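Reader: I want the labels on this model justified. Take me through them one at a time.

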Amino acid sequence: MKHLHRTASLGVALALFTALTPALADGVAYINKGLVGVGRIPADQRDTFGETFGSGSGMAIDISGWTHDAGTYKGSLWLLPDRGYNVAGTTDYRPRLNTIAIEFTPVAPGGAPAAGQEQTGVKATLADTMLLTDDKGADATGLDPLSDVRAAAGDMPMLPVATNGKLALDNEAIVRLPDGSMFISDEYGPNIYRFSAQGRLMSATQPPAALVPMRKGAPNFSSDNPGPGAADPDPKDPETGRQNNQGLEGMAMTPDGKFLIAVLQSAPRQDGGDSPSTRQNTRALVYDASDLAHLKLAHEYVVPLPVFKDAKGKTKIAAQSEIVALSATSFLMLARDSGNGQGLKKGDASLYRQINIVDVSGATDIAGGAFDAADKPVAPKGVLDPSVTPAKLTPFIDINDATALDHFGLHNGGAKDHNELSEKWEAMSLASVLDPKLPDDYFLFVGNDNDFLAQDGFQVGAPYKADDGADVDTMFLVYQVTLPGLGKK
């Protein structure tokens with residue numbers, strides 16, 4: 001018995017040592033102190049409109065209301081669902097934003113919760129749901145904008161619209177501003193939208209031409225997910241611009257509020273984005289946010305996505321799912337594989353779910369240059385132009401770490417049960433530990449996108465039942481991290 005206890009203690013000590021090994025990026029030592037909390041919102045949750053709750057394509061914690069008392073933190077966060085349940089094609093789901101009340105009681109870094117309390121550290125309760133509308137106050141939609149485009153007018157650029165005439169949104173990331181308004185990035189455009197505190201569209205920012213999806217020489221924002229009875233786009237994929245369903249997946253404001261950073265999920269079509277094996281060179285767009293209504297592209301960098309090997313030794317490229325800005329030149333980036341996890345009958349263990357530190361301080365700034373045109377690839381067939389230096393990536397947090405997951409009753413792969421991590425981890429946000437002795441320590445909340453997978457689902461006036469018995473909770477993983485000089489660079 002003593003030997004077994006000593007072995008277990010050594011295992012915990014080794015895991016803690018590994019977690020506390022600093023990640024050095026741009027001369028700064030970032031530390032992951034480990035997983036300190038887990039929580040859930042059940043798959044059968046309905047939002048305030050009575051429809052099945054969709055979880056975290058994007059997340060933003062309300063820092064102004066974040067408090068700490070007697071070991072428990074309280075506050076609220078905003079969770080941004082994407083375009084609705086769309087396994088059999090997109091639907092007329094109204095885009096929305098959920099407000100979640102949070103109570104968080106972390107375990108000590110490197111520790112484990114008491115038996116039976118592994119996944120109760122984060123108590124998340126739905127407080128409100130708000131619809132997002134177009135600039136005229138009319139409903140928007142999750143339907144695929146198959147071929148229709150609303151012409152540019154006034155300050156508004158051209159916008160994707162569905163065949164029913166509604167603004168088409170596939171929301172992916174959110175930045176909440178001090179006045180209550182918010183930036184939301186989307187997949188279709190891929191655009192950055194600013195909405196009022198009441199959810200009404202105020203302005204929109206179109207990316208450089210190199211990212212705008214083009215079919216037969218014209219902008220076409222379809223993602224090849226037609227709604228009921230609609231025809232497929234022709235051709236299926238854009239010739240240039242963002243690949244289908246690979247839009248502005250990550251977005252964050254720098255801590256000083258001066259810059260908004262948005263990152264394409266994977267490389268544009270002309271830069272190798274037409275193949276999963278060559279899509280590595282994506283782009284980070286850095287906007288001057290001094291005029292919130294008129295974002296101005298200030299910098300642009302190539303970010304090389306992580307490469308890993310699958311079970312057969314074949315090289316794969318992870319797609320990025322979210323970012324958190326640390327400064328004007330560095331950000332955390334969550335990247336992952338796909339097709340694996342709870343809710344997917346055929347999925348196996350995930351081979352890559354990691355948060356990296358991205359440093360662009362030594363990268364080539366390509367903003368406003370030839371590579372912003374669709375006819376000048378920065379990485380033809382996935383090979384980066386030799387004149388361009390990409391950003392640097394430094395590994396930081398391995399979400400699939402088995403020891404950390406086991407402490408909280410979770411696992412990656414294996415049994416297709418309630419405790420297997422789901423496929424899509426797509427949301428991140430930071431909140432201070434509020435400890436004067438640890439001024440550089442933060443809680444990093446990471447959330448999944450449950451894809452509305454439920455056995456008693458209800459949306460757009462009709463019930464549904466996800467395939468293969470899928471019933472996927474919204475989940476939160478919380479890490480304690482040390483981020484020296486956050487926002488001071």
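**Labels and their cut-offs**

Author: Start with Phe104. Leaving aside neighbours within four places in sequence, Phe104 is in contact (heavy atoms within 4.5 Å) with Val36, Gly37, Trp66, Gly71, Thr72, Tyr73, Gly121, Val122, Phe443, Phe445 and Val478. The model is predicted: local features need pLDDT of at least 70, side-chain atom pairs count only at pLDDT 80 or more, and totals for chains, interfaces and linings use all residues. Residues are numbered from 1 along each chain as its sequence is written, and side-chain values use heavy atoms, with hydrogens and water left out.

Reader: Which residues touch the most other members of the largest nonpolar core?

Author: Phe104, Ile355, Phe396, Leu444 and Val446 do, in a core of 54 residues. A nonpolar core is a set of buried Ala, Val, Leu, Ile, Met, Phe, Trp, Tyr and Cys residues joined through side-chain atoms within 4.5 Å.

Reader: Why is Val161 called buried rather than exposed?

Author: Buried means under 20% relative accessible area, exposed over 50%, partly exposed in between (1.4 Å probe, protein chains only). Val161 has 11%, so the label is buried. Val161 sits in the loop between strand 9 (159–160) and strand 10. Strands here are DSSP runs (E, at least two residues), numbered from the N terminus. Beyond four places in sequence, Val161 touches Pro145, Asp148, Val149, Arg150, Lys166, Leu167 and Ala168. The C-alpha atoms of Val161 and Asp148 are separated by 5.5 Å, with their positions 13 residues apart along the chain.

Reader: What makes Lys33 and Asp441 a salt bridge?

Author: A salt bridge needs a side-chain nitrogen of Lys or Arg within 4 Å of a carboxyl oxygen of Asp or Glu. The closest N and O atoms of Lys33 and Asp441 are 2.7 Å apart, so the pair qualifies. Lys33 lies in strand 2 (residues 28–41) and Asp441 in strand 27 (residues 441–448), so parts 408 residues apart in sequence are tied together. Both Lys33 and Asp441 are buried. By this rule the count comes to 19 salt bridges.

Reader: Where do Asp135 and Arg150 lie, and what label does the accessibility of each earn?

Author: Asp135 lies in the loop between strand 7 (122–131) and strand 8 (149–150), and Arg150 lies in strand 8. Asp135 has 22% relative accessibility, so it counts as partly exposed. Arg150, at 25%, also counts as partly exposed. Their closest N and O atoms are 3.1 Å apart, in a salt bridge.

Reader: How do you know that Glu249 has no salt bridge?

Author: The nearest side chain of opposite charge, Arg336, is 5.4 Å away. Lys and Arg count as positive, Asp and Glu as negative; His and the chain ends are not counted. The limit is 4 Å, so Arg336 does not qualify. Glu249 is buried all the same. Glu249 is found in strand 16 (residues 248–253).

Reader: Why are strand 10 and strand 13 said to stand at the edges?

Author: The sheet is open, with four strands in the order 10-11-12-13 and antiparallel pairing. Strand 10 (171–176) and strand 13 (201–205) each have a single partner strand, so one side of each is left without a neighbour in the sheet.

Reader: What makes strand 12 and strand 13 a pair?

Author: Pairing requires at least two bridges found by DSSP. Strand 12 (residues 192–195) and strand 13 have four, so they pair, in the antiparallel sense. Phe195 stands opposite Leu201 in strand 13.
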